[in-house]
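User: I should like to learn how to read a predicted structural model, one feature at a time. Where should one begin?

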Amino acid sequence: THIFKESIHSFNYWVWHGFLFRHFTRAEDTSLTPTTHRLLINLIAKQLNWLCTVPFEVVASVNQLSANSPGFLAIAMQLYKEGGIGNFYRGLGISLVLAINPAIMNTLITTGLRLAAFVKMQLGADAEEARDHGPAVTGAATGVAKIIATLVTYPLIRAKVLQQTSSQLRSASPLVIWRHILAEEGPSGLYRGVLAMSYKTVLWNAFMMTVKNVIGPKRTATPQISPRNMGMPMLAMGRQPYVDEVAAQKLEEILEYIRRNRGQTTVANRVEALEARVSEFSTDLQAIKGMLHTLVQHQGQSSSTTPTTATATAMATESLSV
């Protein structure tokens, strides 16, 4: 009966857990989701789980405490005859409050796995490898988280068990039950049976999470945070340089082509400029030649010129034209 109850209980919880985290969070059940948000989602998932499975809890508890343990169906028929459908929901109010127990556990599991990833990264593992937790790490984180959650909520668990199994305290409130325990057993009575229950719940949840880690899908990894400044100067614009041999070779070819073409262009420009200057100088010489020729003709017409002077002038004109 107890194994059947726990199987139904766990399956129902993980159905609600996956549904809520998938539809009401952005990063699902990872440390990127704020702790309070994860705690609230886990709490709601467990409360929905209790609404579906508390009758199995009541039947299993009564069957466990019965003298002959007649079985699930026999106890269910007996409870229905005694109080109808409402008899299956004994302690529902406390169960809804106790939903904080697995909520704390699952929130601490995520925090514990994040701490384990941090330790791995400090020991030299990269981010992806550090977040790939094996069954042993997951089981250990679950065990520690369940111990803390059980110690925090055990007085409520004790009150719930007495409310479900004791005929005298069936309709009593948790405060009345706690006064009764303090009067009969003292303060230690609030934690009576905590070791046995911790032993059972810690082993059960650690085993369940270990099996889930092995046969289930990979747990959603927390997205990496932005890398811290590792001593490199921050760029005002652009991006960090990188080594690319192919790109560097292509760039060298482009620069060499530019240098070669620029040299050729410079020589051509110089030759062209020199030709332009020679042409201009030749034009000037032609103009001077024309002026001297005109001057000689004018002087020959206006005055008598000796043959020697005329011959010298002609020779000078011929030399200029050459």
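Analyst: One begins with burial: a residue counts as buried when its relative accessible area is under 20%. The model shown here is predicted. Of the 322 residues of its chain, 31% count as buried.

User: Is threonine 107 buried or exposed?

Analyst: Threonine 107 has a relative accessible area of 5%, and it is buried because that value falls under 20%.

User: In which element does threonine 107 lie, and which residues does it contact beyond its neighbours in sequence?

Analyst: Threonine 107 belongs to helix α5, residues 100–122. Leaving aside neighbours within four places in sequence, it is in contact with Thr35, Arg38, Leu39 and Asn42. With asparagine 42 there is a polar contact between the two side chains, at 3.4 Å.

User: Which other residues of α5 are buried?

Analyst: A general idea helps first. An α-helix has 3.6 residues a turn, so residues three or four places apart point the same way. In α5 the buried residues include Ile109, Thr110, Leu113, Ala116 and Ala117. Towards lower numbers, Asn101, Pro102, Ala103, Ile104, Met105 and Asn106 are buried as well.

User: How does one judge the length of α5?

Analyst: One compares the distance between the end C-alpha atoms with the span expected at 1.5 Å a residue. For the 23 residues of α5 the expected span is 33 Å, and the end C-alpha atoms are 33 Å apart, so the two agree. After α5 comes glycine 124, with a positive phi near 115 degrees.

User: How should a buried residue in a loop be read?

Analyst: The reading is the same in kind: one asks for its accessible area and its partners. Threonine 25 lies in the loop between α1 (2–24) and α2 (35–65), and it is buried, with a relative accessible area of 12%. A polar atom of its side chain lies 2.4 Å from the backbone oxygen of phenylalanine 21. The side chain of threonine 25 also reaches the backbone nitrogen of glutamate 28, at 3.2 Å. Not counting residues up to four places away in sequence, threonine 25 touches Leu20, Thr33, His37 and Ile41.

User: At what angle do the axes of α7 and α8 cross?

Analyst: The axes of α7 (residues 135–165) and α8 (residues 174–185) come within 10 Å and cross at roughly 95 degrees. The two helices are therefore roughly perpendicular. Pro155, Leu156, Arg158, Ala159, Leu162 and Gln163 of α7 meet Pro174, Ile177, Trp178, Ile181 and Glu185 of α8. By class, these residues are eight nonpolar, one polar and two charged. The twelve residues of α8 reach 16 Å from first C-alpha to last, close to the 16 Å expected. Glycine 186, with a positive phi near 85 degrees, follows α8.

User: How do α2 and α7 pack?

Analyst: Their axes are 10 Å apart, at an angle of about 70 degrees, and the helices are therefore roughly perpendicular to each other. Trp50, Glu57, Val58, Ser61, Val62 and Leu65 of α2 make the contact with Lys160, Gln164 and Thr165 of α7. This contact has four nonpolar, three polar and two charged residues.

User: How many helices and strands does the chain have?

Analyst: The chain has eleven helices and zero strands. Among its contacts between residues at least 6 apart in sequence, 71% join residues at least 24 apart.

Conventions:
Residues numbered from 1 in each chain as written. Predicted model: local features only at pLDDT ≥ 70, side-chain atom pairs only at ≥ 80, totals over all residues. Heavy atoms only, no water. Helix = DSSP H or I, 4+ residues; strand = E, 2+ residues; numbered from the N terminus. Buried < 20%, exposed > 50% of the residue type's maximum accessible area, 1.4 Å probe, protein only. Polar contact = N/O pair within 3.5 Å; in protein donor to acceptor, adjacent residues only side chain to side chain. Contact = heavy atoms within 4.5 Å. Axes fitted to C-alpha atoms, helices over the stretch in contact; angles between N-to-C directions. Parallel < 35°, antiparallel > 145°, perpendicular 65-115°, else oblique. Nonpolar A, V, L, I, M, F, W, Y, C, P; charged D, E, K, R; others polar. Expected span 1.5 Å × (residues − 1).
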